[in-house]
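Please walk through the model shown below, moving from one strand pair to a sheet with its helices, and then to the open and closed spaces among the residues.

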Amino acid sequence: MTAGALLVSLTGCVTVHGESAVVPALSKAEAAKVLTSFVAKNNRANTAYDARLNATIESGALGAIDQAGLKSRKEIDPKGNPDYKPLKLSDTRYLIPEQAGWPKFFVTDSRSNRKGQGRWLFVFQRDRADGPWKASYLAVVGPDEMPRFTRDEQGHVKAVPVGGASGLTVAPDRLSERYTRYLQEGSGTDFAPGPHTSELREKREKALKRTSVRNEFADQTAQPPQFAPFGLRTKDGGALVFFTSHHHHKQTLPRGYKPQIKDPLVKALMSGSPKQSVTFERVSEQAVTVPGKRKQGKVTFLSRIEGLTAARGS
């Protein structure tokens with residue numbers, strides 16, 4: 001039964017739609033159809049560099065990253081990429097929670113035909129009863145890092161409330177704020193050390209010390225409804241959470257020197273004239289494990305995908 005179907009309550013009264021009733025986001029068969037259609041259109045969009053087609057199947061962080069990439073590639077090569085290797089997904093399991101209200105979401109966990117990578121997790125969300133399902137996150141997670149999820153008697157995974165009722169050390173709707181503040185200030189003890197936390201800050205510190213160019217970094221919280229976080233409860237009482245963040249990097253050369261932008265993909269996204277400085281705007285999508293409040297531990301990154309969405313010269 002779909003999320004939009006009418007349900008009969010225990011009292012025999014008819015209740016509504018999914019706004020208040022707790023129902024599965026969709027059936028496994030429906031989820032399989034969503035994924036099949038997504039892969040087919042995704043392959044067409046990547047072959048033709050068609051950002052408009054991509055916008056019919058992707059939203060959120062994934063859509064922002066991919067649509068900017070397709071736009072820049074289309075400008076460089078209007079004929080597209082006839083040599084594109086179509087994406088194929090196999091061995092898929094469907095992680096479907098029961099939910100009330102909107103947006104609703106589900107997650108697919110698949111093996112891809114891209115070599116040397118882990119499992120591909122897509123988050124699909126639907127913002128209203130008659131709206132389309134769109135992929136808003138992609139995470140690539142090593143098989144050995146995949147969390148074990150809590151399930152009910154029907155096999156449905158459990159969605160985590162995004163606010164204070166999440167029972168997590170950091171609520172999903174606070175992760176973007178906490179992460180960007182950590183990158184900006186180094187404050188807080190929420191995050192485990194690693195390439196996307198402590199090591200990223202170390203790289204920035206080195207860049208800030210360069211004398212040949214002035215580097216400035218600004219990190220911003222991503223806001224719903226466009227960039228909604230989603231979480232699934234794990235067996236250890238924590239959760240796997242997907243969230244978004246924004247990152248700006250400004251490079252300024254000494255007076256009399258002009259930035260040389262050699263990457264054609266960057267040039268294709270450039271606005272303004274880079275007379276002395278360039279600001280790179282990026283969107284980042286993260287998949288992290290967050291411990292429950294009763295457990296000791298830190299937020300750990302399983303996947304982080306960052307993409308350039310705009311560049312401004314000045």
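In this predicted model, strands β10 (residues 230-233) and β11 (residues 239-252) run antiparallel and are joined by four bridges. Within that pairing, L232 of β10 has L240 of β11 standing opposite. The two strands form a hairpin with five residues between them, and in this hairpin G237 takes a positive phi near 90 degrees. The side chains and positions along β10 alternate in direction, since F230 and L232 point one way from the strand while G231 and R233 point the other way, and all of these residues are buried.

A second region to follow is an open sheet of four strands, whose order is β4-β6-β7-β8 and whose pairing is antiparallel. The edges of this sheet are formed by β4 (89-95) and β8 (134-141), each of which pairs on one side only. On average, neighbouring strands of the sheet are turned by 25 degrees against each other, with direction ignored. Inside the sheet, β6 (residues 104-112) and β7 (residues 119-126) pair in the antiparallel sense over seven bridges, and F105 stands opposite Q125 of β7.

Two helices pack on this sheet. Helix α1 (residues 28-48) touches β4, β6, β7 and β8, and the direction of α1 makes about 135 degrees with that of β4. Helix α3 (residues 60-76) touches β7 and β8, and the direction of α3 makes about 85 degrees with that of β8.

Strand β7 also holds R126. Is R126 buried or exposed? R126 counts as buried because its relative accessibility is 17%, which falls under the 20% limit used for that class. If neighbours within four places in sequence are left aside, R126 is in contact with W102, P103, K104, G131, P132 and W133. The C-alpha atoms of R126 and F106 are separated by 9.2 Å, although the two residues lie 20 residues apart along the chain.

A contrasting case is D77, in the loop between α3 and β4. With a relative accessible area of 33%, D77 is partly exposed, because that class covers values between the 20% limit for buried residues and the 50% limit for exposed ones. The C-alpha atoms of D77 and A48 are separated by 9.5 Å, and these residues are 29 residues apart along the chain.

The helices and strands described above return in the lining of the largest pocket, which holds about 700 Å³ of space. Of the 32 residues that line this pocket, N46, I65, D66, G69 and R73 are the closest to its centre. At least two lining residues are supplied by each of α1, α3, β7, β8, α6 (264-268) and β14 (300-313), and α3 gives the most, with eight residues. Sorted by class, the lining of the largest pocket has 17 nonpolar, eight polar and seven charged residues.

The second largest pocket holds about 290 Å³ of space. This pocket is lined by 18 residues, and those nearest its centre are W102, P103, V162, P229 and F230; W102 and P103 are among the contacts of R126, while F230 belongs to β10. By class, the lining of the second largest pocket has 13 nonpolar, three polar and two charged residues.

From the pockets one can turn to helix α4 (residues 175-185), whose buried residues are L175, S176, R178, Y179, T180, Y182 and L183. The buried residues of α4 pack against α5 (198-208), β9 (214-221), β11, β13 (277-290) and β14. Just after α4, G186 takes a positive phi of about 75 degrees.

Which residues line the largest cavity? The lining consists of R178, R181, Y182, S187, G188, D190 and F191, and R178 and Y182 also belong to the buried residues of α4. The structure holds one cavity of 30 Å³ or more, and about 30 Å³ of space lies in the largest cavity. By class, its lining has two nonpolar, two polar and three charged residues.

Methods:
Residues numbered from 1 in each chain as written. Predicted model: local features only at pLDDT ≥ 70, side-chain atom pairs only at ≥ 80, totals over all residues. Heavy atoms only, no water. Pairing = 2+ DSSP bridges. Axes fitted to C-alpha atoms, helices over the stretch in contact; angles between N-to-C directions. Contact = heavy atoms within 4.5 Å. 1 Å grid on protein atoms, 1.4 Å probe; cavity = no way out; pocket = protein on both sides within 12 Å on 5 of 7 lines; lining within 4 Å. Points joined across faces, edges and corners; volume = space filled by probe spheres on them. Nonpolar A, V, L, I, M, F, W, Y, C, P; charged D, E, K, R; others polar. Buried < 20%, exposed > 50% of the residue type's maximum accessible area, 1.4 Å probe, protein only.
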